Amino acid sequence: MALNPFFLQGSSSEQRLVQELINEQLKMYGVDVTYIPRKIVNRDTILNEIETSKFDDNYTIEAYVNTYEGYSGAGDILTKFGMSLKDELTITISKERFDDYIATFLSGEDTDEIILSSRPREGDLVYFPLGQRLFEVKFVEHEDPFYQLGKNYVYQLKCELFEYEDEVIDTSIEEVDTQIKEEGYITTLQVIGIGETALSSAVINDGYVRKIFLNNDGSGFTSTPIVQFDDSPVSGGTATAVAITTSIAGVRSVKEIVMTNAGFGYTTVPLISIYSGGGTGAAATCLIETTDQGVVSFAVNDAGSGYPVPPTVTIDVPSAGAVATATTGVGGTVTSLTLTNPGTAYTTAPSVTLSTPASGINTATATATIGTGGTVTALTITDAGSGYGSNPTVTISNDDSIKSTETASAKAEVSEGNVVTAIRIINPGIGYTAAPTVTIADPPLISGSGAFQFNELITGSKSGTTARVKNWDAGTRTLRISYVDGVFTDGETIVGAASSATYAVDFHTNDDVYDKYTDNDSIETEADLIVDFTESNPFGNY
Amino acid sequence: MLGTYFYHEIVRKTVVSFGTLFNQIYVKHNDSSGNVESEIKVPLAYGPAQKFLARIEQQQDLNRAVQITLPRMSFEMTSISYDATRKSGITQTFKAIDKKSKVKKVFMPVPYNLGFELNIMTKLNDDALQIVEQILPFFQPAFNITVELVNSIGEKRDIPVVLDSISFQDDYEGDFSTRRALIYTLQFTAKTFLFGPIADSTDGIIRKVQIDYYSDSDPKTAKREVRYTATPTARKDYDNDTGSLLTEHVDTTETVISLNDTSTFEVDDRVIIGSEIMKVTAKTSNSMTVKRGFSSTIATEHVLGAKLNVLSTADDALIVPGDDFGFSESLDFFETGADFSPTRKIDI
């Protein structure tokens, strides 16, 4: 039977009136909530789940709290996974208001990120300011009340507290974003604020230990053994060294022996004793140099600061290299080469390289001839080149492979205070006639600056690792970070995207010491005292 | 009868050892290009907790903004049961040395199985699969962990942790009033041992055995003729008392060895280099003639700089139960009629 044609079942003007009344009621009796749409970053199309999401928009809308007597749901409960807050909330928002003020903007977003914009979506967040809580929309009811005057005017959003994992919440509303400031997996990045370059000087002498041969690495060490050289015949000239051990398959043995002082005055090869440390069998011998001089020790004149990792140490070459200049003539060709320093100690003629003209082609070439005493006696132009607008620079090689001398090398040791504590001798070199200049590389950052901001992205200069700032403590120079996508390298510089704050990384620890549920670290610490993993450890470091 | 206080914390240690297996599990999330977006070390905790403590620690802010953070793992002990298949003799004992080098008598431990449950709760199925895949391959179906169960005697036991079953709950069906819950549950059995009280033992190393042989069985007229004595001798250097160094490489057959100082050695001394024991037969100021591979050791090569130590009676006195040691034997012949007094330890 058809409807009575003499009665309207809801005209558009009536429907309009009802909608307006509802809008007005919501504005009078509602609460301003923040609607935060979920944006999809990555989706697993097989398991049908959103692997990564972000929440970086916000829309304020008035909502009526249906559960006016309090939250519904199971409340706060203790589960085997710790505290779980099962509060639920049902709110009502105007359909028209959503269409006009939220859906319109959502429809303009990237459709890969926002796959539905015409209605409130399950999975979106609602920030409820009274309880300062983030609720996730679990279900959207659009037919309650049921077709009053032939139309539905509101959405009911049935919400439950958000289960947080690693979603980025960056709505630009501080009150909302900071709600997860202490939630999720948070690790610690210790940074260095100020650095100062360390200074060192070298001492040269003869009768020193030229090289150490580790003949037997021994086994069974429980601590670092002592390395002792026979006394030098000259007082104060006894060489000293330290052993560096390594553990392979639970057996600790000597990996290498590094000199701290190469000694001086030795005329015969000293014996090396390796003892203590609980192990046996380690033995080493050495070579000495009695005629020429090498670097026998280093003094750390200024320990510097801000070194999270040992800096490189550069030592000047022992013998001067040859130096020459070039003169150009008509057509920009090289007409002559003038030797200004013949160098010393060459055993093979060095290579001669002239800089390339501005045109990038027709570079001049030349060769060198050496004479007795290892000096360069002549330079011969083999190709005059062309197109030089000015005199090219001449580079004559001076590396150890073509010389009778050898450049010393060393490595720096740094302490937990990030200062250089000692310089160890890797190779004392040979053929020094004067103490060479020692250059210790600058710390990663001479002066850190700025204050990191909450939620900003920081990036490591070397590793490219990124993370978001949860908290910055300028006093202790400690950053709490989250959303880390890799490993920050010790010594690299980190820069904040928003604040431009710049500091050098001292170290990064990946234990979350802030979450009160997490016991990984304390379990591991106790287990280290009782579990014996000398045989193997397939799970890694536990 | 019962009631001798002891507490080795064995069950607690087993709980800790089991838990630490799972404290380095990670979950990674990628962006749409496959680049790692974030990496999470999965939080782990022992599930049961004091309620008030959990509340005040984990919910310091009463208005906590979120329900829970995921993923999480929890583990708990679910059962303790006797394992008859590993039963050993109830009167069987073994000797152990405590941290003060005293010999202790220990009854064989009693085999008990501890049931464990590892629960994994995640927000995404993919997270759960990442976690489970980092665990399962190591259990075939058991994974052994070596645990020092009794600290006082340094008793270490292999505890097989057996993966008994895996189950999971994925409530994705139904209405929208309940949220999907993804929980994987792994059941394990840790085959541990419970030790009773550790008692002092009068046992130790027998430092000397002495037997007098008599030529007659009549105790009134019999005169002892021969005395046999045996004492333990060290096969390693305990006191690091000398420390001369070889000044040459020594092969396996060389019997004259050069060293930097022979003053601390005497002819007939037993010296040790590495694991080889040698007997000194002659010496000069910087070399010694030795008998190689003495005391059933094997002659091996030694490098220049290797250290020599003498095995003296001081080393013999430092032998402790469990060490590898040899014996020194001697025979004495008597013509007097004296007897040995066990109480005064002299011949009278």
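## A long pairing in chain B

Let's start inside chain B of this predicted model. Strand S8 (residues 110-122) and strand S11 (residues 182-194), both of chain B, run antiparallel and are joined by 13 bridges. One spot to click on in that ladder is B:Phe116, whose bridge partner in S11(B) is B:Phe188.

## The sheet around it

S8(B) and S11(B) sit in an open sheet of 7 strands with mixed pairing. Reading across, the order is S36(A)-S9(B)-S10(B)-S11(B)-S8(B)-S5(B)-S3(B), so chain A supplies a strand too. At the edges you'll find strand S36 (531-532) of chain A and strand S3 (44-46) of chain B, each of which pairs on one side only.

Right by that chain A edge strand, A:Asp532 also forms a salt bridge with B:Lys156, with the closest N and O atoms 3.1 Å apart.

## A second strand pairing across the chains

Strand S10 (residues 163-164) of chain A also pairs with chain B: its partner is strand S4 (residues 68-69), in the parallel sense, over 2 bridges. Here A:Glu163 has B:Ile68 as its bridge partner in S4(B).

## The interface as a whole

Zooming out, 70 residues of chain A are in contact with 84 residues of chain B. The two chains bury about 7100 Å² between them, and 54% of that is on carbon and sulfur atoms.

As for polar links, there are 11 salt bridges between chain A and chain B, and 40 residue pairs in polar contact, counting pairs with both residues at pLDDT 80 or more. On the chain A side, the residues touching chain B split into 30 nonpolar, 16 polar and 24 charged.

Methods: Residues numbered from 1 in each chain as written. Chains lettered and ligands numbered in written order. Predicted model: local features only at pLDDT ≥ 70, side-chain atom pairs only at ≥ 80, totals over all residues. Heavy atoms only, no water. Pairing = 2+ DSSP bridges. Helix = DSSP H or I, 4+ residues; strand = E, 2+ residues; numbered from the N terminus. Contact = heavy atoms within 4.5 Å. Buried area = accessible area lost by both parts, 1.4 Å probe. Salt bridge = Lys/Arg side-chain N within 4 Å of Asp/Glu carboxyl O. Polar contact = N/O pair within 3.5 Å; in protein donor to acceptor, adjacent residues only side chain to side chain. Nonpolar A, V, L, I, M, F, W, Y, C, P; charged D, E, K, R; others polar.
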